[in-house]
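Dear colleague,

I am passing the structure on to you below, and after it I set out what turned up when I went through it. Please read the notes with the coordinates open beside them.

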Amino acid sequence: MIGSIILGLVLAIILSFFGLSFPALRQRWTLHAHRSQPPPGPKTIRTGIQKPWLWFQELSKEYGDVVYLQMGPTPTIILGSAQAAWELLEKRGAIYSSRPRFIMGSELLSGGMRGLIAPYSAFWRRWLKALHNGFMQRQSESYRPIQNLESKVLMHDLLTNPKEFRTHLERYAASVIVTVTYGRRVENVRTDAVVRANAEAMDRLTSVNIPGKFAVERYPALKYVPSIFAPWKAEVLRQRQKDIDMYLGLLNEVKDKMRRGVAVDCFTTYLISEQMNHGMNDLELAYAAGSPFGAGVETSAGSLASFLLACEKFGQDFIPKAQAELDRVVGSDRLPTFEDMASLPYVTAIISETLRWRPVAVLGGTPHASIADDTYRGMFIPKGSTVIAPLWSIHLNENDFPDPHTFLPERFLGQREYPGPFGHCAFGWGRRICPGMHLGHASVTINIARILWGFNVGPAKDERGEDIDVDM
Ligand code: HEM
């Protein structure tokens, strides 16, 4: 009798426990049940790939818009549609917005100071807040006079020396970023000291961020081998010191100008004056001030280069329509301005189509990483997965953009079903969405409008007067 009472009590306790924690249990059970159902993917991994985005696109066509790859010890998920990227990276952004470990690039070379490749942490939140405050929409609008001026210089450079168009685009983008960040213009992008120092720092980073190059990425414990026994580590630490000297040097230059009362208001003066509020030390400030250069120069210049490429191949279809609109709204007595854009829907559609058609971040920027187990459409995605959302697959997905390699601004006129507010994903997703998107978009906008207004862009001619074809 007593035995059955005790048994009953135990059963009641177990049942009430199950009842109370039922949702949590159900979730655990779902995860457990799907553990054997990862997304589909190939059995073997290709190595030595030069253009991984082309391979990822093939995989998405073969296996669907969520593909599983086992890259070394890390599960890797490749997303191939805007919908899947939106569902995971945006809507479940709390899970999917960390970064994978970059032991060489982030931990050893940068001492964890580069927010762009930093995982979730208190440091990353401080960094992001500083970047967000410096580049949010209203703040970015205050940089428009700089973009207006630099854009005029760009138009002059394109007019007087069109052959060097790539250098002119780079100068424009670098000058906007360096002025906004450090308060000084760039007149010659090849010789400017700030540009060269930053570019060298970027080269140091890219030289170590090569998958498979360093054993420490696969065997993290090697990170703790003393430098004296590990020449590769001694070398990367030497490189780190060069970065520190460079970034601190630029920060101290601005501090010195502030002390002398000659500093121009810029992102670095803002960081310095808000240092206490952000709770960042000098080194964090110095690296944060360097972030826009690494992320904002090549992306802005490259997007404008994509536009010129589109003009070369498809210009005869869209340039006359854009010019008719510009003639009507702006006329020939003045350049288009930011204020005109609301009355230029066709030019605005060209800008969106440029960002879609040949996205500069072909791999969708730096990979994301997940911080918890998850299931999506019945597929299990383990915690710690690297998640790549290549824009090459997503923006050239035929379901969203029929005839995707054709440059067709009309896609962006009128209503269209597409996840998110922009009709494309050029600036990424969720908590990792590009903080410089307002500044970057404005650079692309003003220059595309002005090039369309002032130039007829077409293919270069060879010595026989024939069009020179370019690689699309
Ligand atoms: C047309 C120009 C630009 C394009 C197409 C672009 C695109 C992107 C993309 C695709 C990402 C990755 C988002 C993700 O991980 O989901 C990104 C991140 C980032 N971008 Fe941009 N970007 C542009 C301009 C700029 C500019 C001007 C800045 C300057 C402030 C900037 C700063 C950043 C930073 C700091 C990140 C890293 C954010 C993080 O890791 O939390 N970008 N950008």
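Does Pro345 count as buried, exposed or partly exposed, and how many C-beta neighbours does Pro345 have inside 10 Å? Before the answer, please keep in mind that this is a predicted model. Pro345 has 15 C-beta neighbours inside 10 Å and therefore counts as partly exposed, since a residue is called buried at 20 or more and exposed at 12 or fewer. Pro345 belongs to helix H16, which covers residues 345-357. Between the C-alpha atoms of Pro345 and Tyr247 there are 41 Å in space, and the two residues are 98 apart in sequence.

Tyr247 leads to the first of two helix pairs, because it is one of the H12 residues, together with Ile244, Leu248, Leu250 and Leu251, that meet H15. On the H15 side, the residues met are Asp282, Leu283, Leu285, Ala286, Tyr287, Ala289 and Gly290. Sorted by class, this contact between H12 and H15 holds 10 nonpolar residues, one polar and one charged. As for geometry, the axes of H12 (residues 231-260) and H15 come within 8 Å and cross at roughly 90°, which makes H12 roughly perpendicular to H15.

The other pair consists of H9 (residues 144-160) and H10 (residues 165-182), whose axes lie 10 Å apart and pack at an angle of about 165°. The two helices are therefore roughly antiparallel to each other, as angles over 145 degrees are counted in that class, and their crossing is right-handed. From H9 the contact takes Ile146, Gln147, Glu150, Ser151, Leu154, Asp157 and Leu158, while H10 supplies Phe165, His168, Tyr172, Ser175, Val176, Thr179 and Val180. Seven of the residues in this contact of H9 with H10 are nonpolar, five are polar and two are charged.

Turning to the interior, the largest nonpolar core has 108 residues, and those with the most contacts inside it are Leu79, Ala85, Ala288, Val347, Val387 and Ile448. Helix H15, which runs over residues 282-329, gives the most to this core, with 17 residues. Val347, when residues up to four places away in sequence are not counted, touches Ala322, Glu325, Leu326, Ile448, Ala449 and Leu452.

Gly423 sits in the loop between helix H17 (391-395) and helix H18 (437-454), and it counts as buried because 21 C-beta neighbours are found inside 10 Å. Apart from neighbours within four places in sequence, Gly423 is in contact with Ser352, Phe412, Arg416 and Tyr418. For one of these, Phe412, which is 11 residues away along the chain, the C-alpha separation from Gly423 is 7.3 Å.

The loop between H17 and H18 also holds Asp403, which is not a glycine and yet has a positive phi of about 55°. Asp403 is exposed, with 8 other C-beta atoms within 10 Å. Arg377 likewise has a positive phi, near 45°, in a residue other than glycine, and its place is the loop between strand S4 (374-376) and strand S5 (379-381). With 10 other C-beta atoms within 10 Å, Arg377 is exposed.

With best regards

Notes. Residues are numbered from 1 along each chain as its sequence is written. This is a predicted model: local features need pLDDT of at least 70, side-chain atom pairs count only at pLDDT 80 or more; totals for chains, interfaces and linings use all residues. Axes are lines fitted to C-alpha atoms, for helices over the stretch in contact, and angles run from 0 to 180 degrees between N-to-C directions. Helices (H or I, at least four residues) and strands (E, at least two) are DSSP runs, numbered from the N terminus. Angles under 35 degrees count as roughly parallel, over 145 as roughly antiparallel, 65 to 115 as roughly perpendicular and the rest as oblique. A crossing is left-handed if the near helix is turned anticlockwise from the far one by less than a right angle, and right-handed if clockwise. Two residues are in contact if their C-beta atoms, placed from the backbone, lie within 7 Å. Ala, Val, Leu, Ile, Met, Phe, Trp, Tyr, Cys and Pro count as nonpolar, Asp, Glu, Lys and Arg as charged, and the others, Gly among them, as polar. A nonpolar core is a set of buried Ala, Val, Leu, Ile, Met, Phe, Trp, Tyr and Cys residues joined through C-beta atoms within 7 Å.
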